[in-house]
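Notebook open, structure loaded. I'm jotting things down as I look them up, starting with a pair of strands.

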Amino acid sequence: MGLTLVVLLHLALGLLTGVQAQSGLYQQCGGIGWTGATTCVSGATCTVLNPYYSQCLPGAATTSVSSSHSSSSSVSSHSSSASSSSISSTSTSPPAPSQTVANVSPEWAAAYVKAQAAVAKLSVTDMVNLATGVQWQKGPCVGNTPAISSIPGFTGLCLQDSPVGVRYADGTSVFPPEINVAATWNRTLMRQRGAAMGAEFKGKGVHVALGPMMNLMRVPAAGRNWEGGGGDPFLSGEVAFETITGIQSSGAQACAKHFINNEQEHFRDSSSSNVDDRTEHELYGHPFLRSVQANVASVMCSYNQINGTFSCENEKTLSGLLKGEYGFQGYVMSDWWATHSGAPAVNAGLDMTMPGDETLSSGTTYFGQNLVNAVNSGQVSQARVKDMATRILAAWYLLGQDQNFPAVNFNSWNSGQGQHVNVSGNHASLIRTIGAASQILLKNVNSALPLKKPKTIGIIGNGAGSNPNGPNAFSDRAGDVGVLALGWGSGTANFPYLVAPVDAITARASQDGTTVSSSLSDTDLTGAANTATGKDVAMVFITADSGEGYLTVEGNAGDRNDLQAWHGGDALVQQVASHNKNTIVVINSVGPINMEAWVNHPNVTAIVWSGLPGQEAGNAVTDVLFGAVNPGGKLPFTIGKSISDYSAQIITTGSGIVPIPYNEGLFIDYRHFDQAGIAPRFEFGFGLSYTTFDYSNLVITGSTAGGTRQPPGPGSSLDPWLHDSVVTVSFTLTNNGTVDGTEVPQLYLSPPASAKSAPQNLKGFDSVFLPAGASTTVSFELSRYSFSVWDVVSQSWQIPAGVTGISVGASSRDLRLKGSITN
């Protein structure tokens, strides 16, 4: 089933020093590109698992393999203990391999019929042109492909950032980024946001929206964490699935990025993320699998190497994992200037080079005529180029972009050009709703919140105000002045406006006759003390920013230097709290911050993580502070007591190709805290409400037994046997408080110890609104995939034999109901 990344790891890390005359048990013995031994030692048979990977298997292999066998397939220096042995499983080995792609959706199948008919009429040059960007700033969008006259209606593709809205345009919206969307744990809002963004992209004539982003928060200080869905693959996968479904429902192509293991900014162009096979499948690959299940049109390969080979020419990940196991039918584009070759990249699985030039404004390309020459000389087959062209055109047909698609009506490089079409519609209302739903109440002593018509409010901190030079004063938002509503980099867009908290709070407070005063400085501690003294409530706003590595802000080169609040935020909070017994802290941050200096201060009565709420930032937090919205957000990451409590850190030194060893394996974020027995400050999934909820009546029905598995081969990770619902977990949820509210019940699985998995693994959640006093039955559906782990030896998903715990609760450490199932 698919390519084994383990063998790639052996090769890349130099763990194999030579090719044996015969391959050992469970070693590779064939496949496209394989140059080693093609016969096996006695007792083993070379078995085709897919076109790219054949493996020496015993004649009567089962999936329960002794550790002595499994050790020959593990990676000693770069795998966690969780990855180094096989899984005792309740199911039999998958049947004999198939070579055709299984489980292709009917939508893709129909698009392929149209694409294949069109490609049949194209010359090699036309096919290559479909895949070749016209180069940087030589078209109106950040990425452009040329028109192909022989394809009716095909005027070229416009590819445009970003995951929060249309970059470099006006008349558009800036939505809350995915870190805040994840904090809502609300699939409906995730999908509505995607649909609204998709409508704006299409309205501007953009064919391909360059998002969502789904790299995981492996390292809490990583610069682009805010663009993704946090520290858990399941939650991130749901954000990806719903966002893609929404975007594409509006007629724009989505692009899943960055494939794969692009989890820090330092050395992103010159590092190798060294990841074991099991961890790749269970953590980092999962959101991309969910993207494929959402029919995502395109995938963007990343800048970094994976196990010694650049992502955009990595056959194991592109053709083995993505197009092989996952059966991805769309096309793979490079990240901008992440292409490193022509024929080798194409043969490995790259379908489109962006923006087209080899390096910034080089005027040369790896594709174009160079790729045509490679086809003519036999370095690249015509079949492969046809496949590239078919994939690109099929995505265009999949979204119906061959019919009445708007022309591009803006210019990224010249704001004076274009028609300035306003596509924002009524999206501000949705942005405010998502913003408020993403606010996380972390502390609330004696019901300090919601505010109850205080006579006086003091507002302190630059993060409560506006940038005097405007919300777009910093290029690509690379600055932290005024309210922080986005990080920085290519994942941004131009604010049409940005609501400052001080303005929204002042407007709302006026309805109660409240007097508001402010000191909008982070460093004027005297002004802070004066503003806080004698007020009924003092609110202090602090920030922490990060972004993409091509921009450095206040000494932070993309990744954060630490997890501290910026601009002396700790000192500001301590000063305010020392002068006011009702101090409320609001945090606008890209991720977790260290708040140990003041979190337990007796005068800090409430803490709100406001995150990055987009253009309606001030209104979103005000709605929660005054009780118009009862907070229902939950943390999509763990807030630790020290940066050293996390299992991985940014690597900031090195030369050449810098190794980034994912030695922590499966244990990132809460999985690590749980496994290592470390107490977090606030755990993954935590968030308070203005009401309380009761959980009762847990019922577990169903079984993972039975059913018929598909054979391994392309598309086998989409096997309905894996993904059909087979177990139902239901319970009663009651709002036993006095106000209406939203709860996010969460389901965690605890596999048998033999699986060597994390103690708790998120596999279900919902966002449930309940009026005060009301009850409802909540049900979670689990599939065999929910219970499965990736077995490196058999190269397949397997269900560990034994008892799996099933827990339901309000956070990863507040588990109210517990049961189990025996597999």
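I started at strand β9, residues 298-301, and looked for its link to β12: the two run parallel and four bridges join them. I picked out one residue pair while there, and Met300 has Met333 in β12 as its bridge partner. Worth keeping in mind that this is a predicted model.

Next I wanted the whole sheet around that pair. It is an open sheet of six strands, ordered β4-β5-β6-β7-β9-β12, with mixed pairing. Its edges are β4 (143-144) and β12 (331-334), each of which pairs on one side only. As a reminder to myself, strands of a sheet pair through backbone hydrogen bonds, parallel or antiparallel.

I stayed with β7 for a moment, since His258 is found in that strand. The peptide bond leading from Lys257 into His258 is cis, and I read omega near -5°. I noted another cis bond, between Leu449 and Pro450, with omega about 0°. Pro450 sits in a loop, the one between β13 (440-444) and β14 (456-460).

Then helix α9. Is this helix largely enclosed or not, and why? Seven of the eight residues in 286-293 are buried, so the rest of the structure largely encloses α9. I listed the buried ones: His286, Pro287, Phe288, Leu289, Arg290, Ser291 and Val292. An arginine is in that list, namely Arg290. For the cover I found, among others, helices α7 (233-249), α8 (277-284) and α10 (315-325). Strand β7 (253-259) contributes too, as do α20 (720-723) and α21 (784-787). Just past the end of α9, Asn295 takes a positive phi of about 65°.

That sent me looking at other positive phi values. Trp185 has phi near 50°, and it is not a glycine. The loop between α5 (178-184) and α6 (187-203) holds Trp185. Buried or exposed? Trp185 counts as buried because its relative accessibility is 0%, and the cut-off is under 20%. Arg477 is another non-glycine with a positive phi, about 60°. I placed Arg477 in the loop between β14 and α15 (501-510). Arg477 is buried as well, at a relative accessible area of 8%.

Towards the end of the numbering I checked Thr804, which is in strand β29 (residues 803-811). Its relative accessibility is 3%, so Thr804 goes down as buried. What does Thr804 touch, leaving aside neighbours within four places in sequence? I got Leu749, Ser750, Pro751 and Pro752, then Phe787, and also Gly819, Ser820, Ile821 and Asn823.

Last, the overall numbers. The chain has 21 helices and 30 strands. Its radius of gyration is 26 Å, which agrees with the value near 28 Å that a compact globule of 823 residues would have. Along the principal axes the C-alpha trace spans about 85 × 65 × 50 Å. I have 64% of the 823 residues down as buried. Of the contacts with a separation of 6 or more, 77% come from residues 24 or more positions apart. The exposed surface is about 25800 Å², and carbon and sulfur atoms supply 50% of it. For charges, I count 41 positive and 56 negative, with mean positions 4 Å apart.

Methods: Residues are numbered from 1 along each chain as its sequence is written. This is a predicted model: local features need pLDDT of at least 70, side-chain atom pairs count only at pLDDT 80 or more; totals for chains, interfaces and linings use all residues. Side-chain values use heavy atoms; hydrogens and water are left out. The radius of gyration is taken over C-alpha atoms; the globule rule is 2.2 Å times the number of residues to the power 0.38. Buried means under 20% relative accessible area, exposed over 50%, partly exposed in between (1.4 Å probe, protein chains only). Contact means heavy atoms within 4.5 Å. Accessible areas come from the Shrake-Rupley method with a 1.4 Å probe; for residues, only the protein chains shown count as cover. Lys and Arg count as positive and Asp and Glu as negative; His and the chain ends are not counted. The place of a charge is taken as NZ of Lys, CZ of Arg, CG of Asp or CD of Glu. Two strands pair if DSSP finds at least two bridges between them.
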